[in-house]
Amino acid sequence: MCMTCDVRLGRRAFLGAAGLAVAATAFGGIGPSFAADGPGSGLTPDQALEKLKAGNRRYVTDAQSCVADMARRRNDTASGQAPWATLVSCADSRVPPELIFGGLTLGELFVVRNAGNTVDTTAMGTLEYGAAVLKSPLILVLGHSSCGAVAAACDVVAKNATFPGAIGPMIEPIVPAAIAARGKDGDFIDNAVRENVRRTVAKLKSAGPIIAEAVKAGTVKIVGGRYDLATGAVDIFA
C-alpha cells in the first residue's frame with residue numbers, strides 16, 4: 001500500500017506529536033486535518049454496499065463480462081486514489097475481491113487480506129487510514145466457505161490441535177468464534193466462519209476513536225458477509 005501518493009502531510013506531521021494528537025481525537029476532528037487529501041468517492045455507505053452487491057450479481061450471472069480497463073485506470077489513478085469500499089478479506093487465492101465483485105479495477109477497493117480475515121494492529125491502522133484519509137464509506141468483513149484458517153481454529157477447539165511456527169498465533173483470534181460455534185446445528189466450520197465475521201464486525205464498530213466515531217456519524221458503514229466458493233455468491237448477513 002503506497003500512502004505517499006495520497007497523503008499531502010509531511011512525514012513528521014503525520015507521525016509526530018501533532019499527528020498523534022489528532023489521531024487520538026474523535027473522527028470529526030480528524031476530517032478537517034486530512035481535508036486536503038481529496039474528496040473521496042462521493043458515495044454514501046449504502047450506495048457503496050449496493051455497488052458491491054450489483055458487482056457480485058454480475059460476477060455470478062455473467063463472469064465473462066467482468067473485464068476491467070486496466071490501462072485507462074492506471075493512468076487515472078496514478079496521482080491518487082479514492083476507493084469507495086474497504087474490505088477485510090481472507091488471503092485465500094480463490095477469493096480475489098476485485099474479481100468476485102464484478103471485475104473492479106485499480107483505485108476502487110482498499111483491501112486488507114490475511115488468513116481468516118482477522119483484524120490486528122496493522123489491519124486496524126489500515127482500516128482507519130481508509131476511513132479517515134481516503135474517506136472510504138464502507139467496510140466489508142468477508143469470510144468464505146471452507147476457510148482453512150477457520151478450519152484450523154475448529155481443530156484447536158475440537159481436537160486440541162497445535163500448529164507450527166506463526167500459524168498457531170495467527171489463528172488464535174479465530175478460536176473464540178470456533179468455541180462459540182461448537183455444538184450448534186449445521187456445519188461446524190461454516191458456523192465458525194460466520195461467527196468469526198460477526199465478531200470482527202462487532203469489534204470494528206466499537207473500535208475507536210476513528211472508526212467508531214465514523215460509524216456513529218453515519219459516514220462509515222460496517223457489514224459482514226460470506227463468499228461461497230462453489231457458487232460465487234456473497235451473502236451479506238452481519
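**Entry 1: Val197**

I started with Val197, which lies in helix α11, spanning residues 188-206. I am working on a predicted model here. I looked up the accessibility of Val197 and got 0%, so this residue counts as buried. Next I listed its contacts, leaving aside neighbours within four places in sequence. The list reads Asn117, Val141, Gly143, Gly224, Gly225 and Phe237. I also checked a pair that is distant in sequence, Val197 and Val88. They are 109 residues apart along the chain, and I get 9.6 Å between their C-alpha atoms.

**Entry 2: salt bridges in and around helix α11**

I stayed with helix α11 and looked at charged pairs. Side chains of opposite charge can pair when their charged atoms come close. Glu195 forms a salt bridge with Arg198, with the closest N and O atoms 3.8 Å apart. I note that both residues lie in helix α11, 3 residues apart, about one turn of the helix. Glu195 is buried at 15% relative accessibility. Arg198 is partly exposed at 38%.

Then I took Asp190. Its partner is Arg226, and the closest N and O atoms of this salt bridge are 2.8 Å apart. Arg226 lies in strand β4 (residues 221-227) and Asp190 in helix α11, so the salt bridge ties together parts that are 36 residues apart in sequence. Are these two residues buried or exposed? Arg226 comes out at 11% relative accessibility, so I put it down as buried. Asp190 has 18%, and it is buried because the cut-off is under 20%.

I followed the pair outward. Asp190 and Arg226 belong to a network of salt bridges that also links Arg194, Asp228 and Asp235.

**Entry 3: Arg57 and Glu50, and the count**

I pulled up another salt bridge, Arg57 with Glu50. Their closest N and O atoms are 2.9 Å apart. Arg57 is partly exposed, with a relative accessible area of 45%. Glu50 is also partly exposed, at 38%. How many salt bridges does the count give? I get 11.

**Entry 4: Met124**

I moved to helix α7, residues 121-132, where Met124 is found. Its relative accessible area is 13%, so I recorded Met124 as buried. Which residues does Met124 touch, once neighbours within four places in sequence are left aside? I found Val119, Lys203, Leu204, Ala207 and Ile211. Helix α11 covers residues 188-206, and I see Lys203 and Leu204 of that stretch among the contacts of Met124. I also checked Met124 against Gly208. They sit 84 residues apart in sequence, and their C-alpha atoms are 10.0 Å apart in space.

**Entry 5: cysteines**

I searched the whole structure for disulfides and found 0. Why does Cys90 have no bond to Cys147? The sulfur of Cys147 is the closest cysteine sulfur to that of Cys90, but the distance is 4.1 Å, too far for a bond. The cut-off I need for this step is 2.5 Å between sulfur atoms. Cys154 is in no disulfide either. Its nearest cysteine sulfur is that of Cys147, 9.3 Å away. I checked accessibility for Cys90 and Cys154. Cys90 is buried, with a relative accessible area of 5%. Cys154 is buried too, at 2%.

How values were computed
Residues numbered from 1 in each chain as written. Predicted model: local features only at pLDDT ≥ 70, side-chain atom pairs only at ≥ 80, totals over all residues. Heavy atoms only, no water. Helix = DSSP H or I, 4+ residues; strand = E, 2+ residues; numbered from the N terminus. Buried < 20%, exposed > 50% of the residue type's maximum accessible area, 1.4 Å probe, protein only. Contact = heavy atoms within 4.5 Å. Salt bridge = Lys/Arg side-chain N within 4 Å of Asp/Glu carboxyl O.
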